Amino acid sequence: MTAHGGEERAAEEVRAAEEERAAEEARAAEEERAVEQALALVGRQPQASHALPDRSGATAPATSPTPAMPDTHTGPTPSSPPPSPPAPAPDASVPSGHTSGHGTSSARHSPSSSHDHRARATAWAGARALAERLGRAAPLAAHRLPLDRALGHVLSEAVVALTDLPSFDTSAMDGWAVAGPGPWSVREGEGLLAGRGAAEPLPDGQALRIATGARLPADATAVIRSEHAHCDEAKGLLHATREVVPGQDIRPRGQECRSGDELLPVGTVVTPPVLGLAAAAGYDALVAVPRPRVDVFVLGDELLTAGLPRDGLIRDALGPMLAPWLRSLGAEVAEPRRLDDDAEALRHALVSSDADLILTTGGTASGPVDHVHPVLADIGAELLVDGVAVRPGHPMLLARLAEGGPCLVGLPGNPLAAVSGLLTLAEPLLRAIAGRSAPDRYSAPVHEEVHGHPHDTRLIPVVHRDESVVALHYNGPAMLRGIAAADGLAVVPPGGVRSGTEVEILDLPWASASPWTEGCFT
């Protein structure tokens, strides 16, 4: 290659990098605009904002006025010519009715309705940002909770030390309290025990038995552990078998904190050690945000709760999975309720719920028994996110049921697609409602090339291996085999990534404590 040719290639690479950076900045700006426009809907009087499906499967205008939806898509504007249908993602499926699991019908969409749905889909990062900001705009009221009821809640007032800790000089070991240099004459008596009042001062040259946690007598200069001391009972003298350093094995007053020090900031999750520290500091109760209450409605006529799949029926995988997952995120979750594909049953369940957040599974597309959109329109809910540009899980939605009322996250029915919706919308919303801080974002390089969707973000189960992450197989929208072995999900941008490229990782709540292995999944 000539020098001139090398310079041209270098210039071309620079131009490509600049174009990619400009495109990324444009995408970020559009996502921010989408969030702002969607948030502008929050606080308005709820209106029906969904096109009801007619019997042919195409969409027809709802009877109530439909507000203009925010321009949250990254595709062409309505004035642009209709694009060719996008190629499916490697894990894309075309479910029909409810047979793909928990009702995620999309086979009956006409080309125009599919284009309309894609046009209003929110970018993945924008959807997460909107969910979090919506939760921050409506935090739960704080309560003073006794220590035995505060576990898992989030502090809304800082824990400030009410006293010095320890509040007096104490012995860190069983042994002898001594004053001055040795050998020391042994003072007779039972010695000093924890929980007793102040002892008489200890003069230089004397030693007195002391127990761990006992209050140190005034003028004591050190504690000698029992195993490092020799008592000559005949002469009544104590000898140290090791060098004695002033202050050794003494916990001085205020060693851990001084009165008025902030021990725990606002936003701290109350864990068992937090309860212990608060008790040590003199607290009987903590001011904290309650755990958000969540109702889970699992939709579908085809779901079994026990036994093997049979006669076109399948096992409900989401009911057993979602409740413990939500509890791991700090929520109080009622036992999931299973509802048939009946619009009136869904409507009654929504309007009678007193939860802070409602999760539905399935029924978020436009099939003949997908009732979520029509019911939300019927009860006047605000539809804030109607589809997200992510695979799996693009038919997810976010709504607010009424002015000041609870939020609803509609999850797709396919199991891994539902996990995608849970991490995209429900997790940031729950975290914000409860006052929890967002986890630090981090990235890791992929071990091998990962294929992406042409237009949408992909969430792919991965495991950590050495300094990189390995994508797991069985990552289709209806599969749970991959996520069951995963440490987290990799956020793969449209088009995919090459080997060694860093991608954002969404950790799973329990992954750090789970000894997962690759097994047969990679």
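**Strands, a bent helix and some unusual backbone spots**

Author: Let's start with a pair of strands in this predicted model. Strand β28 (residues 457–465) and strand β29 (residues 468–471) run antiparallel, and four bridges join them.

Reader: Okay, so which residue stands opposite Ser468 of β29?

Author: Look where the two strands meet in the hairpin, with two residues between them. β28 covers residues 457–465 and β29 covers residues 468–471. The partner standing opposite Ser468 is Arg465.

Reader: And which residue in that hairpin takes a positive phi?

Author: Most residues other than glycine have a negative phi, so a positive one is worth a look. In the hairpin of β28 and β29, the positive phi is near 55 degrees, and the residue that takes it is Asp466.

Reader: Moving on to helix α8: where does it bend?

Author: Helix α8 runs over residues 415–433, which makes 19 residues. From its first C-alpha to its last it reaches 25 Å, close to the 27 Å expected at 1.5 Å a residue. There is still a bend of about 40 degrees in α8, and you'll find it at Leu422.

Reader: Is α8 largely enclosed by the rest of the structure or largely exposed, and how many of its residues are buried?

Author: A residue counts as buried if its relative accessible area is under 20%. Because every one of the 19 residues of α8 is buried, the helix is largely enclosed by the rest of the structure; the count is 19 of the 19.

Reader: What happens just after α8?

Author: Have a look at the backbone there. Just after α8 comes a glycine with a positive phi of about 80 degrees, and that residue is Gly435.

Reader: Which residue does a cis peptide bond join to Pro183?

Author: Most peptide bonds are trans, so a cis one stands out. Pro183 sits in the loop between β8 (175–178) and β9 (184–186). Omega for its cis bond is about 0 degrees, and the residue joined to Pro183 is Gly182.

Reader: What about Pro166: what is omega for its cis bond?

Author: You'll find Pro166 in the loop between β6 (159–160) and β7 (170–171). A cis peptide bond joins Leu165 and Pro166, with an omega of about -10 degrees.

Reader: Last one: does Asp219 count as buried or exposed?

Author: Asp219 lies in the loop between β10 (206–210) and β11 (222–225). Its phi is positive, about 75 degrees, although Asp219 is not a glycine. The cut-off for exposed is over 50%. Asp219 has 53% relative accessibility, so this residue counts as exposed.

Note on methods. Residues are numbered from 1 along each chain as its sequence is written. This is a predicted model: local features need pLDDT of at least 70, side-chain atom pairs count only at pLDDT 80 or more; totals for chains, interfaces and linings use all residues. Side-chain values use heavy atoms; hydrogens and water are left out. Two strands pair if DSSP finds at least two bridges between them. The expected span of a helix is 1.5 Å times one less than its number of residues. The bend at a residue is the angle between axes fitted to the seven residues ending there and the seven starting there. Buried means under 20% relative accessible area, exposed over 50%, partly exposed in between (1.4 Å probe, protein chains only).
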